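Trainee: Could you take me through one part of this model slowly, strand by strand and contact by contact? I would like a connected account rather than a list.

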Amino acid sequence: MIVLATLNARYIHASLGLRYLFANMGELEADTDIMEFIIGDRPADIVEKLLAKSPRIIGLGVYIWNAEETLKVVELLKQVAPEIKVVLGGPEVSHECEEQAIVALADHVICGPGDLAFAALCRDILKGEAAPRIIRPEMPDLKDIALPYRLYTDHDIAHRLIYVEASRGCPFKCEFCLSALDKTAWPYELERFLAEMDALYRRGARHFKFVDRTFNLNVKASLRILEFFLERLDETLFLHFEVIPDHLPDPLKEALARFPEGSLQLEIGVQTFDPEVQSLISRRQDNDKTAANLRWLREHTGAHIHADLIAGLPGEDLTSFALGFDRLVKLDPQEIQVGILKRLRGAPIARHTVTADMHYSPHPPYTVVRTGRLDFATLQRINRYARYWDLVGNSGRFSVTRPLLLSDTPFERFMAFSDWLYATTGKTHQLALDRLYDWVYRWLTEQGGVPAEAAHEAVAADFHASGTRSIPPFLQATTAPIPPRIKSDPGHAPKRQARHLAD
């Protein structure tokens with residue numbers, strides 16, 4: 001009678017939110033099913049598969065990455081099966097919902113945590129009782145929420161990311177984030193949570209992605225979780241945590257240092273090093289502690305560090321962003337995620353729209369397109385920069401070459417490379433890997449001031465380590481023998497992270 005569905009960004013992503021709803025259906029669980037799609041699926045195919053279940057109620061999880069595609073699904077559902085009750089939930093429809101076309105089509109919208117509210121609404125609908133169209137539930141007591149981890153199938157465990165959370169919410173008020181609306185962070189009862197992790201581990205789960213906004217907020221709980229996994233450490237365990245960059249007390253450092261290389265990824269949200277911008281967006285961050293902790297993590301642990309910067313924040317110009325990027329490069333995280341500010345519905349960043357002259361795309365993901373400090377053309381350049389940086393700087397495919405690309409002025413030099421690459425190719429996607437090696441070599445020698453011999457040696461070394469089959473043109477022209485391809489051992493880590501292990 002009830003189908004819970006969403007459109008994931010990729011097949012490897014398994015929806016934790018749907019599984020929470022399913023786990024809390026109570027007596028309706030036997031009449032409920034989960035169906036997951038990806039955003040590349042055709043709306044007509046999705047609707048056909050949904051209707052094949054003959055549901056009376058369809059609950060759809062709506063997120064910034066699937067909002068447009070989900071709208072098409074709902075539009076078609078209402079044309080071919082208007083009698084089915086469509087219930088929306090998720091962060092994209094939890095704020096500013098009245099102005100959204102998808103909300104106008106839906107029968108009910110749950111604006112907020114739906115763990116218990118969705119089941120209660122389904123009971124009312126099935127009994128024929130009146131129910132509000134817009135429902136705004138309070139955060140339930142976490143003790144009352146059934147945990148969803150038993151609902152990961154053996155296939156999920158073998159082939160998909162396993163998302164888990166030891167807590168919800170965030171006490172910080174960074175205005176670009178929806179978590180700024182939370183009053184605090186709510187932890188799950190730790191032994192109950194760890195019992196669920198043990199059950200997953202016994203079933204074969206080895207990759208655990210924690211979605212906690214602030215994993216190291218409660219150091220005592222963080223230590224207990226780390227010790228739990230250290231006791232179960234094997235050659236395939238891989239953990240992902242998001243951590244506060246300026247809060248790493250010694251006991252936590254000691255635990256992190258015990259994990260072998262390739263078993264741990266830490267996502268560290270630096271976002272900006274500019275104190276004035278931090279103050280403007282209500283972000284509390286000790287920059288010196290952040291830098292010291294990043295340096296310590298790189299020197300004393302085997303963790304893969306994924307550090308985030310956001311371009312386009314209110315009050316930040318190209319110069320201040322470049323300074324932050326250069327500072328982060330010197331701290332040497334394996335990956336620097338250059339993100340472009342997005343105006344999430346409901347996020348307090350909206351208060352700067354007039355004062356900072358902020359303009360956003362009207363379509364998801366609502367990326368900033370102009371600010372009082374950055375014009376449209378400059379933000380377009382930064383968007384291309386972010387794409388090329390991910391292909392070259394973050395991918396691990398250019399670990400030998402990257403220092404030549406960056407030199408003493410990392411942002412300035414890579415921006416010059418980015419501008420040249422776009423002028424040369426006219427595109428940011430569908431760049432063949434063998435050609436990318438060739439373009440990097442050409443820029444180094446033609447624009448970057450690097451001697452041909454040094455550039456050839458570095459780019460050739462990276463190419464040979466990559467396992468790429470097609471020989472780039474600059475290597476085809478050489479008379480030197482081409483060494484055999486070298487395949488790296490991924491060890492604990494996923495393929496992308498494994499490329500950085502030799503750094």
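Mentor: What follows is a close look at one strand and its surroundings, and then at some of the salt bridges elsewhere in the chain. Please keep in mind throughout that this is a predicted model.

Strand β12, which spans residues 264–271, is mostly covered, with eight of its eight residues buried. In a regular strand the side chains alternate between the two faces of the sheet. In β12, Leu264, Leu266, Ile268 and Val270 point one way, whereas Gln265, Glu267, Gly269 and Gln271 point the other way, and all of them are buried.

The neighbours of this strand can be taken in turn. Strand β11, residues 238–243, pairs with β12 in the parallel sense over five bridges, and within that pairing Phe241 has Leu266 of β12 as its bridge partner. Together with helix α9, which covers residues 250–257, β11 and β12 make a right-handed β-α-β unit. Strand β13, residues 304–311, also pairs with β12 in the parallel sense, over six bridges, and here the bridge partner of Gln271 is Leu309 in β13.

The loop between α9 and β12 brings in a salt bridge, in which the side chains of Arg258 and Glu227 meet at 2.7 Å, N to O. Arg258 lies in that loop and Glu227 in helix α8, so the pair ties together parts that are 31 residues apart in sequence. Arg258 is partly exposed, with a relative accessible area of 47%, and Glu227, at 26% relative accessibility, likewise counts as partly exposed.

A further salt bridge involves the loop between α8 (219–230) and β11: Asp198 is joined to Arg232, with the closest N and O atoms 3.2 Å apart. Because Asp198 lies in helix α7 (residues 190–202) and Arg232 in the loop just named, this pair ties together parts that are 34 residues apart in sequence. Both Asp198 and Arg232 are buried.

The structure holds 32 salt bridges, and one of them links Arg123 to Glu27, with the closest N and O atoms 2.7 Å apart. Arg123 belongs to helix α5 (residues 117–127) and Glu27 to the loop between α1 (16–23) and β2 (32–38), so this pair ties together parts that are 96 residues apart in sequence. Arg123 is partly exposed at 26% relative accessibility, while Glu27 is exposed, with a relative accessible area of 54%.

Definitions and conventions
Residues numbered from 1 in each chain as written. Predicted model: local features only at pLDDT ≥ 70, side-chain atom pairs only at ≥ 80, totals over all residues. Heavy atoms only, no water. Buried < 20%, exposed > 50% of the residue type's maximum accessible area, 1.4 Å probe, protein only. Helix = DSSP H or I, 4+ residues; strand = E, 2+ residues; numbered from the N terminus. Pairing = 2+ DSSP bridges. Right-handed = clockwise from strand over helix to strand, strands pointing away. Salt bridge = Lys/Arg side-chain N within 4 Å of Asp/Glu carboxyl O.
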